[in-house]
Amino acid sequence: MQEINYIKHLNAVFSQFSKDSRLNPTHISLYIALFQLWNLNRFLEEFFINRDEVMQLSKIGSKSTYHRCIKELNHWKYIVYFPSHNPYRGSKIKMFKFGTSSGQVVGYNSTQIETSSGQALVPIYKHIQTIENKNINKQKNLKNLDFNDSENVSKQNSSVPNTDNLKTTKNKNYNEPL
């Protein structure tokens with residue numbers, strides 16, 4: 001059994017994940033499932049996994065996606081994967097140790113539970129559309145529409161005769177039945 005600090009390891013792995021653009025959510029989900037199994041095995045140097053169990057834990061529904069992601073995690077040095085072709089034994093996994101330095105880590109990025117006196121910042125990539133902007137856009141669209149022209153065009157372009165079966169035109173004769 002190894003000395004693994006659960007929190008330090010996860011913080012270091014998440015930091016590494018944020019820097020690695022090759023990863024997608026499936027890779028991360030698979031790694032977290034493997035980490036959970038490693039924890040259940042008391043952080044042994046190597047442990048055996050069952051593909052169906054790992055797929056269920058990581059919410060991966062396709063065997064091909066599972067195999068692709070586990071091989072890529074192996075190739076990118078997040079884990080060491082020893083595939084087993086024996087369905088009764090399972091594959092062997094070795095997890096690398098992340099963030100296992102000795103000593104206490106001081107959290108400089110900890111959040112403060114108090115109100116700040118400064119202005120809250122909004123990310124630049126977030127599109128902000130106010131109610132006033134929406135109303136202006138609607139008014140512009142309504143000015144561009146001419147209902148009479150659109151009604152006449154739809155009658156001329158239609159290949160079905162008598163498209164106005166409900167007599168919805170403006171020239172209505174209320175003496176005739178619908």
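**Exercise 1.** In this predicted model, classify Arg 68 as buried, partly exposed or exposed, then do likewise for its salt-bridge partner Glu 72.

*Solution.* Start with the cut-offs: buried means under 20% relative accessible area, and exposed means over 50%. Arg 68 has 37% relative accessibility, so Arg 68 counts as partly exposed. Glu 72 has 22% and is also partly exposed. Next, take the pair. The closest N and O atoms of Glu 72 and Arg 68 are 3.5 Å apart, and the two form a salt bridge. Both sit in helix H4 (residues 63-75), 4 residues apart, which means about one helical turn separates them.

**Exercise 2.** Find which parts of the chain the salt bridge between Glu 46 and Lys 92 links.

*Solution.* First, check the distance: the closest N and O atoms of Glu 46 and Lys 92 are 3.5 Å apart. Then place each residue. Glu 46 lies in the loop between H2 and strand S1 (47-49). Lys 92 belongs to strand S3 (residues 91-95). The two are 46 residues apart, so the bridge links distant parts of the chain. Glu 46 is partly exposed at 33%, and Lys 92 is partly exposed at 25%.

**Exercise 3.** Describe how helix H2 (residues 25-40) packs on helix H3 (residues 51-58).

*Solution.* Take the axes first. They come within 8 Å and cross at roughly 120°. The helices are therefore oblique to each other. The crossing is right-handed. Now list the contacts. H2 supplies Ser 29, Leu 30, Ala 33, Leu 34 and Leu 37; H3 supplies Glu 53, Val 54, Leu 57 and Ser 58. Sorted by type, these residues give 6 nonpolar, 2 polar and 1 charged.

Terms used:
Residues numbered from 1 in each chain as written. Predicted model: local features only at pLDDT ≥ 70, side-chain atom pairs only at ≥ 80, totals over all residues. Heavy atoms only, no water. Axes fitted to C-alpha atoms, helices over the stretch in contact; angles between N-to-C directions. Parallel < 35°, antiparallel > 145°, perpendicular 65-115°, else oblique. Left-handed = near helix turned anticlockwise from the far one by under 90°. Contact = heavy atoms within 4.5 Å. Nonpolar A, V, L, I, M, F, W, Y, C, P; charged D, E, K, R; others polar. Salt bridge = Lys/Arg side-chain N within 4 Å of Asp/Glu carboxyl O. Buried < 20%, exposed > 50% of the residue type's maximum accessible area, 1.4 Å probe, protein only.
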